[in-house]
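Colleague: Could you walk me slowly through this model, explaining each term when it comes up?

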Amino acid sequence: MKEFELEDSEPAPVQQASFNAARWAVNWKMAAACSAMALLAAGCSPNPAPPQGGEYPWHTKIVATTFWVGELFDPTADDGSQVISTYDSGWMGNYGGCDGVIRSGKCQTEERTEANRFMPSSMTPKENPFYLDLPYDDVNDATSFAERASVIPWAKDPAYAGMQNNRSFSYMKNQWVRIRKGSTECYGQIQDAGPGQYNDKEYVFGSDDARPANDEFNGAGMDVSPALNGCLGFEDINGESDTVDWQFVARDQVPEGPWLDIVTTSQVR
């Protein structure tokens with residue numbers, strides 16, 4: 001992939017907003033109690049209800065690395081640029097630009113803080129800055145596409161009727177994920193697939209806490225955005241040693257927090 005050259009820019013001043021940490025760094029045991037209120041406040045329709053008593057399975061002690069819109073991780077690799085995503089061929093433009101800062105013509109990550117709700121310092125995103133990926137591409141991977149209606153737990157919900165063979169629709173894109181590191185819990189939406197694998201159904205949808213099939217990047221099973229990196233308190237803004245627990249959640253289980261400031265609703269494009 002041809003490397004993109006971007007103009008240098010200095011971080012622009014941002015309006016500092018006071019933010020109650022208790023609204024985002026919620027204890028996971030209290031999240032369910034907040035869910036109904038959050039749904040009413042957001043005025044959105046819920047995703048399909050979780051099975052088995054209200055919860056999808058937890059995945060524990062998963063290495064999570066950091067990626068960002070505009071990153072050029074490996075310009076020679078098919079999946080080495082975050083200028084595009086597996087679900088959005090114009091991801092960087094549709095997002096609003098580099099989700100970081102431009103230095104020496106390259107889009108680089110930056111530390112995110114609670115003071116400005118973990119937003120980038122130099123731009124205002126058009127889509128949710130709390131994004132992530134998981135290693136199941138239900139649109140472009142042939143095996144995943146063929147089996148997605150029988151593998152993805154919410155695919156049979158009436159809201160998704162007739163979408164099985166529609167390549168312009170992803171069951172994965174925009175789905176909500178609860179991510180926990182210690183006592184801190186944050187939420188994000190799926191916007192890409194990876195790292196390293198695109199049909200790891202045993203790990204992504206299994207109920208036995210299977211390990212990721214990926215053997216790169218310290219066996220990472222998830223990439224998270226800079227906003228999620230800061231929200232969760234990762235030790236490194238671009239490392240491979242932070243671990244998290246995660247589970248899928250329905251929209252009505254997402255409590256109030258900065259992850260609801262901008263919610264992504266676009267489908268495959």
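Modeller: A disulfide is a pair of cysteine sulfur atoms within 2.5 Å. This is a predicted model, in which local features need pLDDT of at least 70 and side-chain atom pairs count only at pLDDT 80 or more, while totals for chains, interfaces and linings use all residues. Residues are numbered from 1 along each chain as its sequence is written, and side-chain values use heavy atoms, with hydrogens and water left out.

Colleague: How many disulfides does the structure hold, and what is the pairing of the bonded cysteines in sequence order?

Modeller: One disulfide joins Cys-98 to Cys-107, with 2.0 Å from S to S, and a second joins Cys-186 to Cys-231 at 2.1 Å. The structure thus holds two disulfides, and when the bonded cysteines of the protein chain are numbered in sequence order, the pairing is 1-2, 3-4.

Colleague: Is the disulfide of Cys-186 and Cys-231 left-handed or right-handed?

Modeller: For the link of Cys-98 and Cys-107, the angle about the S-S bond is 85°, and that link is right-handed. For Cys-186 and Cys-231 the torsion about the S-S bond is about -95°, so this disulfide is left-handed.

Colleague: Which parts does the pair Cys-186 and Cys-231 tie together?

Modeller: Helices (H or I, at least four residues) and strands (E, at least two) are DSSP runs, numbered from the N terminus. Because Cys-186 and Cys-231 lie in different elements, the pair ties together parts that are 45 residues apart in sequence, namely strand β6 (residues 184-193) and helix α5 (residues 226-232).

Colleague: Is Cys-186 buried or exposed?

Modeller: Buried means under 20% relative accessible area, exposed over 50%, and partly exposed in between, using a 1.4 Å probe and protein chains only. Its partner Cys-231 has 1% relative accessibility and counts as buried. Cys-186 has a relative accessible area of 0%, and therefore it is buried.

Colleague: In what order do the strands of the closed barrel run?

Modeller: Two strands pair if DSSP finds at least two bridges between them. Strand β5 (residues 176-181) pairs with strand β8 (residues 243-249) in the antiparallel sense over five bridges, and β5 also pairs with β6 in the antiparallel sense, over six bridges. The closed barrel has six strands with mixed pairing, and they run β1-β7-β4-β6-β5-β8.

Colleague: Which residues are the bridge partners of Trp-176 in β8 and in β6?

Modeller: Strands of a sheet pair through backbone hydrogen bonds, either parallel or antiparallel. The bridge partner of Trp-176 in β8 is Val-249, and in β6 the partner of Trp-176 is Gln-189.

Colleague: How many residues of β5 are buried?

Modeller: Within β5, Val-177 stands opposite Phe-248 in β8. The strand β5 is mostly covered, and the number of its six residues that are buried is five.

Colleague: Which residues have the most contacts inside the largest nonpolar core?

Modeller: A nonpolar core is a set of buried Ala, Val, Leu, Ile, Met, Phe, Trp, Tyr and Cys residues joined through side-chain atoms within 4.5 Å. The largest one has 42 residues, and those with the most contacts inside it are Leu-134, Met-172, Met-222, Trp-246 and Phe-248.
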